[in-house]
Amino acid sequence: MDIKSFLEMEAASTLEEPLDLRTLDYVSSYDSHLMCPICHCPFVQPVRLHCDHVFCQKCLASTIITFRSADTDEFSCPSCRTPTSQISTSVPRLLVNMCDEIQVRCPWAEAGCEEVVPRGHVKSHVEKYCGYRMVLCPDESCGKTIRQKDLQSDGRCVHGYRRCERCGEDVVEQEFADHDKELCPSLEATCNACGTTMVRRSLAKHMDTCPEVLISCAAAQYGCAVKVRRVDVATHETQCPLVSISPYLEAQNTRLNSLEMTMRHLQQRNEIFEDGMANIRASLLESARLGNSGRLAQNGDRDQARTDADESAEFASAFSSHTTQYLLSLHESLREEVTQMSHALTDLDARASMTIMNECLRIKEDMAHTNTALNSVRMQVQWLMNPRLHNGTRNNVMRANTTSNDTTRTSLTSTSVPGPSSNGASNSLGALRPRRPSDSGREGTKL
């Protein structure tokens, strides 16, 4: 659809939808791919652009109104800035289902509602089951609102004032019952355990701290029927066997509560399915009735009309039963496909984890080899930059050269050949003075 039609549709849906799903408190975690790039919440009524980017319907409408130029029919995609003029409301059903399955708190949680339901069922919960929702007073002349759980069965207004006969105080009708039983200051009460007399509205607080009151064991909900004084309850709990196994029993109760909550959600979903099936049956019966009225207008025979009506009713019932079976089979097939997809995603996740692990091991080995090479280079550089090591090596080389020269001279001096030439040679060699180690050291120092 074009931009103008999209904005008109958004304006109409805003008037019809009083609950904004983007403001809910999300309890369960969700994938980042289910998050709208504009509001950073799971998609609400997602729409798709020509570039395949998906946004919430309200978020995209507000963006178009804010940033689109008045003299053009196109606008830029908020993610990739691609110019586009067409908006499609056809998105994968799986995306919508995954967003609607996210667990959220009731919108009236701050008022006291503790229900946690899937986001797709929160509207049905608020309209049918939530007792903390604000509704109009049954008295049309009142005009005030009241919580649904506080509505009176007789439909009378609870916002008027009523005078207490004992204390003469004007009390709101909604709170008069509590005032008459406990909150009236003229009422007195006596503690049955210790005999103390006090104002009745303080009796409950006194009973919570009175040491003589008989209280049940901490494992009373698991079967312990013993009641002892508050001062003796600690001694009893150290000897009670049910108290020692209470953590296990508590875990089982938690599991049962979660199962009951799941059953409640399934019942709500079943009611939604039944309402849909009832609407389908009503539409089928209406179409069959219209067809029968056309036949009656053409034939004009009453007996034939009755026969046709019976046949149409049978056909409608048979068709509705077949429709029910078809929808149930379609639901089961979709559930199987989702299960297969979840298994495939788990397999892909395991393969990706294994690939990443192998790659990390290879990178670690390369880093170990690189560290070894760096250490060897570091040692060589350190050796080259150390002058003491250079001087020690140079002195050792010079000493070795000096020793070899002395050995050569000694061998030449001791070798004698007969004749005058040999004597001259021996005299000339004998005249040579051997070199001292200090001389070689000086030469090495000059070098």
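**Figure 1. Asp25 and its salt bridge with Arg105 in the predicted model.** Asp25 is partly exposed, with a relative accessible area of 45%, and in this predicted model the residue forms a salt bridge with Arg105, the closest N and O atoms of the pair being 3.2 Å apart. Arg105 belongs to strand β6 (residues 103-105), whereas Asp25 sits in the loop between α1 and β1, so the pair ties together parts that are 80 residues apart in sequence. The arginine partner, Arg105, is partly exposed, at a relative accessible area of 36%. As general background to this view and the next two, side chains of opposite charge can pair when their charged atoms come close.

**Figure 2. The salt bridge between Arg264 and Glu115.** The closest N and O atoms of Arg264 and Glu115 are 3.9 Å apart in the model. Arg264 lies in helix α9 (residues 246-299) and Glu115 in the loop between β6 and β7 (116-118), so that this salt bridge ties together parts of the protein that are 149 residues apart in sequence. Arg264 counts as partly exposed, because its relative accessibility is 33%, and Glu115 likewise counts as partly exposed, with a relative accessibility of 24%.

**Figure 3. A salt-bridge network of Glu212, Arg229 and Asp232.** Glu212, Arg229 and Asp232 are linked to one another in a network of salt bridges, within which Arg229 pairs with Asp232 at a distance of 3.3 Å between the closest N and O atoms. Arg229 counts as partly exposed at 33% relative accessibility, and Asp232 is also partly exposed, with a relative accessibility of 33%. A search of the whole structure finds 11 salt bridges.

**Figure 4. The largest nonpolar core and the surroundings of Leu60.** The largest nonpolar core of the protein has 32 residues, and those with the most contacts inside it are Leu60, Ile87 and Val122. Two or more residues are given to this core by each of α1 (3-16), β1 (46-49), β2 (54-56), α2 (57-67), α3 (93-100) and α4 (122-129), with α2 giving the most, namely four residues. When neighbours within four places in sequence are left aside, Leu60 is in contact with Phe6, Ile38, Val47, Leu49, Phe55, Phe75, Pro78 and Ile87.

**Figure 5. The buried residues of helix α4 and what covers them.** In α4 the buried residues are Val122, Ser124, His125 and Val126. An α-helix has 3.6 residues a turn, so residues three or four places apart point the same way. The cover over the buried residues of α4 includes β6 and β7. Val122, buried in this helix, is also one of the residues with the most contacts inside the largest nonpolar core.

**Figure 6. His206 in helix α6 and its contacts.** His206 is found in helix α6, which spans residues 203-209. Because the relative accessibility of His206 is 18%, this residue counts as buried, the cut-off for that class being under 20%. Residues up to four places away in sequence not being counted, His206 touches Cys191, Cys194, Thr196 and Met198.

**Figure 7. A nonpolar surface patch that includes Trp383.** Val377, Val381, Trp383, Leu384 and Met385 make a nonpolar surface patch of about 520 Å². Trp383 lies in helix α10, which covers residues 302-384, and this tryptophan is partly exposed, with a relative accessible area of 43%. The accessible surface of the protein as a whole comes to about 31700 Å², of which 55% belongs to carbon and sulfur atoms.

**Figure 8. Stretches of low pLDDT in the predicted model.** The protein averages a pLDDT of 76, and 76% of the residues score at least 70. Over residues 415-432, however, the pLDDT is below 50, and this stretch has three contacts in the model beyond near neighbours in sequence. Across residues 438-447 the pLDDT also stays under 50, and for these residues the model has 10 contacts beyond four places in sequence. Where pLDDT is low, the predicted coordinates should not be read in detail.

**Figure 9. The protein as a whole, for orientation among the close-up views.** The protein contains 13 helices and 15 strands, and of its 447 residues 21% count as buried. Among contacts between residues at least 6 apart in sequence, 36% join residues that are at least 24 apart.

Methods. Residues are numbered from 1 along each chain as its sequence is written. Side-chain values use heavy atoms; hydrogens and water are left out. Buried means under 20% relative accessible area, exposed over 50%, partly exposed in between (1.4 Å probe, protein chains only). Contact means heavy atoms within 4.5 Å. pLDDT is the predictor's confidence in each residue, from 0 to 100. A nonpolar core is a set of buried Ala, Val, Leu, Ile, Met, Phe, Trp, Tyr and Cys residues joined through side-chain atoms within 4.5 Å. Accessible areas come from the Shrake-Rupley method with a 1.4 Å probe; for residues, only the protein chains shown count as cover. Patches are made of residues with over 30% relative accessible area and no salt bridge: like charges are joined within 9 Å, nonpolar side chains (Val, Leu, Ile, Met, Phe, Trp, Tyr) within 5 Å. A salt bridge is a side-chain nitrogen of Lys or Arg within 4 Å of a carboxyl oxygen of Asp or Glu.
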